[in-house]
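Colleague: I am new to this structure and would like a close look at a single part of it rather than a tour of the whole. Please choose one helix, and describe with care what lies around it.

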Amino acid sequence: GVEVHEYWCGGGGRLVLLVLLSVAVLVKSLDVMTNVVYFSVYARSGSDSRVLLQTTRVAEIVSSGTFLGMLLLLSMGWGVTRSRLLRREEKTFWGMFVLYLVFGTLHSLCETPSLCQGYLLSFYIIKFLVTFAIIVAVNTNVERLRQGQAVDMSNPSAPTELYLKLKVFSNVRRVFLVCLVLPIVLMLVDLTVLSWDQQWVGVLLQEMLYITAYAVLAHTFHEHWVLAPPLVDTSEEDE
């Protein structure tokens with residue numbers, strides 16, 4: 001009903017942003033817990049538990065998929081410039097999200113080399129498509145905002161609203177690029193600098209990276225939450 005829509009979109013779509021960030025942080029917390037358990041058992045027993053190792057890999061896939069899914073929804077403007085997505089956008093999002101999780105999980109649990117290569121290739125293709133979609137969507141929304149297409153410029157609060165929305169997209173883009181590049185650097189450090197008994201350091205640095213990313217997004221969402229006016233749903237549903 002109208003009341004539910006107003007509650008969901010009130011305060012500039014703040015509930016949408018809160019739900020997106022909360023789900024991503026919750027999944028990331030579970031991922032961190034699996035790593036803590038794995039390295040604790042590894043440190044006590046000195047043996048590598050295959051079950052725990054596969055669990056940590058699957059948890060990492062789910063966590064990274066949720067993180068990319070959150071960035072993709074934000075880059076498409078959900079909760080920032082509009083209160084809902086078109087049906088074809090929802091189908092595209094869920095399709096990529098499910099395929100990302102399926103192929104990532106299959107590769108994590110795979111034990112047949114020939115199949116593992118196929119799963120890994122499929123996973124990287126899906127990840128590339130998600131990455132490309134985020135870049136295109138966020139740049140498109142930034143350009144639309146700069147042209148004044150997503151904000152009612154006759155409204156006295158238009159400059160503040162425009163600034164807040166641009167800041168959300170700009171920070172989403174920065175967080176995405178940093179989280180895209182730095183894990184590669186950390187992987188090189190892990191392979192060339194850290195010894196086998198220092199592997200936890202690489203995991204710690206990567207978790208600190210994501211904690212920083214979530215903190216930046218949370219601060220940005222808080223500003224948008226407090227200052228942005230409620231969203232006005234102007235999108236048309238497609239068949």
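Modeller: What follows is a close look at helix H2 and its surroundings, with the overall fold given beforehand.

The model is a predicted one, and its secondary structure comes to 6 helices and 0 strands, so that, by the DSSP runs used here, the pattern read along the sequence is α-α-α-α-α-α. Of the 239 residues of the protein, 41% count as buried. Among the contacts between residues at least 6 apart in sequence, 78% join residues at least 24 apart.

H2 runs over residues 50-75. Its 26 residues should span 38 Å at 1.5 Å a residue, and because its end C-alpha atoms are 37 Å apart, the two values agree. Just after the helix comes Gly77, which takes a positive phi of about 95°. Helix H4 (residues 113-146) can be set beside it: with 34 residues, H4 reaches 49 Å from its first C-alpha to its last, close to the 50 Å expected, and H4 too is followed by a glycine with a positive phi, Gly148, near 75°.

One way to see what H2 packs against is to begin with the nonpolar core. In soluble globular proteins, nonpolar side chains tend to be buried together. Here the largest nonpolar core has 44 residues, and those with the most contacts inside it are Phe67, Met70, Leu71, Leu74 and Leu217. The elements that give two or more residues to this core are helix H1 (2-45), H2, H3, H4, H5 and helix H6 (199-227). Leu74 shows how such contacts spread, since, setting aside residues up to four places away in sequence, Leu74 touches Leu17, Leu20, Val80, Phe169, Val172 and Phe221.

A second view of H2 comes from helix H1, where Asp31 lies. Is Asp31 buried or exposed? At 2% relative accessibility Asp31 counts as buried, because the cut-off for buried is under 20%. Beyond its neighbours up to four places away in sequence, Asp31 touches Thr56, Ala59, Glu60, Ser63 and Glu207.

A third view comes from helix H3, in which Leu101 is found. Leu101 touches Ile61, Val62 and Gly65, again leaving out residues up to four places away in sequence. Thr66 is 35 residues from Leu101 in sequence, yet their C-alpha atoms are 9.2 Å apart in space.

Empty space can also be followed from H2. Rolling a probe the size of a water molecule over the atoms shows where such space is left. The count comes to 1 cavity of 30 Å³ or more, and about 60 Å³ of space lies in the largest cavity. Its lining is made by Gly65, Leu68, Gly69, Leu72, Phe93, Met96, Phe97, Tyr100 and Val130, and the elements that give two or more residues to that lining are H2 and helix H3 (87-109). By class, the lining has 7 nonpolar, 2 polar and no charged residues. Gly65 thus belongs to the cavity lining and is also touched by Leu101. Val130, another residue of the lining, is among the buried residues of H4, which also include Phe123, Ile126 and Ile134. What covers the buried residues of H4 includes H2, H3 and helix H5 (158-192).

The largest pocket holds about 1,500 Å³ of space. Of the 40 residues that line it, the closest to its centre are Glu60, Tyr124, Pro183, Met187 and Gln206. H1, H2, H3, H4, H5 and H6 each supply at least two residues of the lining, and H2 gives the most, with 10 residues. In this lining there are 21 nonpolar, 11 polar and 8 charged residues. Glu60, one of the residues closest to the pocket centre, is also a contact of the buried Asp31.

For a residue outside H2, consider Leu188, which is found in helix H5. At 48% relative accessibility Leu188 counts as partly exposed, because the exposed class begins over 50%. Leu188 and Gly202 are 14 residues apart in sequence, with 9.8 Å between their C-alpha atoms.

To draw the picture of H2 together: H2 contributes to the largest nonpolar core, to the lining of the largest cavity, and, with 10 residues, to the lining of the largest pocket.

Key: Residues are numbered from 1 along each chain as its sequence is written. This is a predicted model: local features need pLDDT of at least 70, side-chain atom pairs count only at pLDDT 80 or more; totals for chains, interfaces and linings use all residues. Side-chain values use heavy atoms; hydrogens and water are left out. On a 1 Å grid over the protein atoms alone, a cavity is a set of points where a 1.4 Å probe fits but cannot get out, and a pocket is an open set with protein on both sides within 12 Å along at least five of seven lines; lining residues have an atom within 4 Å of a point. Grid points are joined across faces, edges and corners, and a volume is the space filled by probe spheres set on the points. Helices (H or I, at least four residues) and strands (E, at least two) are DSSP runs, numbered from the N terminus. Ala, Val, Leu, Ile, Met, Phe, Trp, Tyr, Cys and Pro count as nonpolar, Asp, Glu, Lys and Arg as charged, and the others, Gly among them, as polar. The expected span of a helix is 1.5 Å times one less than its number of residues. Buried means under 20% relative accessible area, exposed over 50%, partly exposed in between (1.4 Å probe, protein chains only). Contact means heavy atoms within 4.5 Å. A nonpolar core is a set of buried Ala, Val, Leu, Ile, Met, Phe, Trp, Tyr and Cys residues joined through side-chain atoms within 4.5 Å.
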